[in-house]
Amino acid sequence: MTIKHILVIGAGQMGAGIAQVALSSGHRVTLVDVSADSLAKGKAGIEKGLSRLVEKGKLDAAAKAAALGRLSTASSVLDVKDVDVGIEAVTENEELKKKLFRELDQVVRPGGVLASNTSSIPITRLGAVTKRPEAVIGMHFMNPVPVMALVEIIRGAATSDETYAQTKALAEHLGKTTVVSKDFPGFIVNRILIPMLNEACFALGEGLATAEDIDTAMKLGTNVPMGPLTLADFIGLDTVLSIAEVLHKGLGDDKYRPSPLLRQYVEAGWLGRKSGRGFYKY
Ligand code: NAD
């Protein structure tokens with residue numbers, strides 16, 4: 001299949017980023033959001049992102065104009081036609097995503113792909129609400145999408161080899177490296193990352209060391225760009241807690257239980273960078 005037209009649902013942080021990389025890789029993109037404000041912000045973000053590539057000499061001005069010329073917007077999935085691939089990147093809510101997958105089923109052409117960028121909702125369940133679960137797959141981009149090299153591809157119980165092959169080829173065409181995961185909580189990255197961040201919260205809560213020393217130890221001792229508490233603040237402590245809860249509930253093992261300190265910080269409204277306070281003050 002030649003993938004020409006990509007429908008991206010959700011013009012937030014992730015959707016706008018996915019739309020930007022698809023546009024700069026030569027695709028036609030329709031960005032759908034129920035919020036006119038999100039669509040306007042998403043479009044402005046895409047323009048800014050493409051301008052940054054021009055400044056860095058990675059894209060010329062004509063290519064930027066052509067990319068923006070390939071972008072359309074809409075307020076409903078059902079208004080969009082001739083879709084080769086749909087990528088859903090709306091708010092992490094299962095009922096909402098199921099509704100949009102039923103709609104995607106109506107607008108993606110036969111032989112096309114229905115993908116979700118979900119971080120925690122089983123792809124198998126999203127596939128089950130469509131008439132073609134074999135065409136449903138997870139395409140988990142990392143944030144910020146234009147910068148991060150990885151896409152985790154998640155195969156649901158019914159995902160076909162053909163859908164997987166098309167999705168992998170698309171992600172590579174967007175300049176990403178792919179890995180493939182089965183459809184279990186956290187996939188690969190969050191399954192391993194979140195317990196590490198959670199363990200840093202336990203260590204801090206037990207008074208093992210200061211936040212600064214925990215971060216310095218992990219940064220210099222394991223050669224990562226930032227320590228776990230700094231990274232947790234960056235991701236958002238509410239997001240870290242919610243993924244920890246998904247792992248705990250979905251895998252049913254107490255080793256994944258969220259740290260009481262993490263829970264308490266979220267209850268206090270200390271969500272990290274975005275709220276001005278988390279393990280550090282901003
Ligand atoms: P966001 O809040 O920035 O954007 C979500 C967008 O969805 C909003 O613009 C909202 O208006 C829109 N939306 C809500 N209901 C809609 C509907 N019915 N139709 C169309 N649009 C609708 O969220 P985000 O951070 O971009 O996350 C989106 C998805 O990506 C989630 O599933 C999340 O789990 C996943 N994800 C997020 C990250 C991250 O770091 N933020 C990383 C990987 C995956």
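The largest nonpolar core in this predicted model has 34 residues, and the ones that touch the most other members are I6, L31, I46, M139 and F141. Helix α1, residues 13-24, is the top contributor to this core, with seven residues.

Take F141 as an example. Leaving aside residues up to four places away in sequence, F141 touches M14 and I18, then N117, then L150 and V151, and also L174. There is a second core, separate from that one, with 23 residues, and among them are L197, A203, L261 and L262. As background, nonpolar side chains in soluble globular proteins tend to be buried together.

Now the sheet. How many strands does the open sheet have, and in what order? It has eight, running β3-β2-β1-β4-β5-β6-β7-β8, and the pairing is mixed. At the edges are β3, residues 71-74, and β8, residues 177-182, and each of these pairs on one side only. From one strand to the next, the twist averages 25°.

One pair in detail: β6, residues 136-141, and β7, residues 150-155, are antiparallel, with five bridges between them. G138 has its bridge partner in β7, and that partner is I154. F141, from the core I started with, lies in the range given for β6.

On to the helices. Packed helices are described by the angle between their axes and the distance between the axes. I have two pairs to show.

The first is α7, residues 189-205, with α11, residues 260-267. Their axes come within 7 Å and cross at roughly 90°, which makes α7 roughly perpendicular to α11. On the α7 side the contact residues are N198, C201, F202, L204 and G205, and they meet P260, L261 and L262 of α11. By type, the residues of this contact are six nonpolar and two polar, with no charged ones. L261 and L262 were also on the list for the second core.

The second pair is α8, residues 211-222, with α9, residues 228-235. Which way do these two cross? The axes come within 7 Å, at roughly 100°, and α8 and α9 are therefore roughly perpendicular to each other. From α8 the contact uses A211, I214, D215 and M218, and from α9 it uses P228, L229 and T230. The residues of this contact are five nonpolar, one polar and one charged.

That covers the cores, the sheet and the two helix pairs.

Methods:
Residues numbered from 1 in each chain as written. Predicted model: local features only at pLDDT ≥ 70, side-chain atom pairs only at ≥ 80, totals over all residues. Heavy atoms only, no water. Axes fitted to C-alpha atoms, helices over the stretch in contact; angles between N-to-C directions. Helix = DSSP H or I, 4+ residues; strand = E, 2+ residues; numbered from the N terminus. Parallel < 35°, antiparallel > 145°, perpendicular 65-115°, else oblique. Contact = heavy atoms within 4.5 Å. Nonpolar A, V, L, I, M, F, W, Y, C, P; charged D, E, K, R; others polar. Core = buried A, V, L, I, M, F, W, Y, C linked by side-chain atoms within 4.5 Å. Buried < 20%, exposed > 50% of the residue type's maximum accessible area, 1.4 Å probe, protein only. Pairing = 2+ DSSP bridges.
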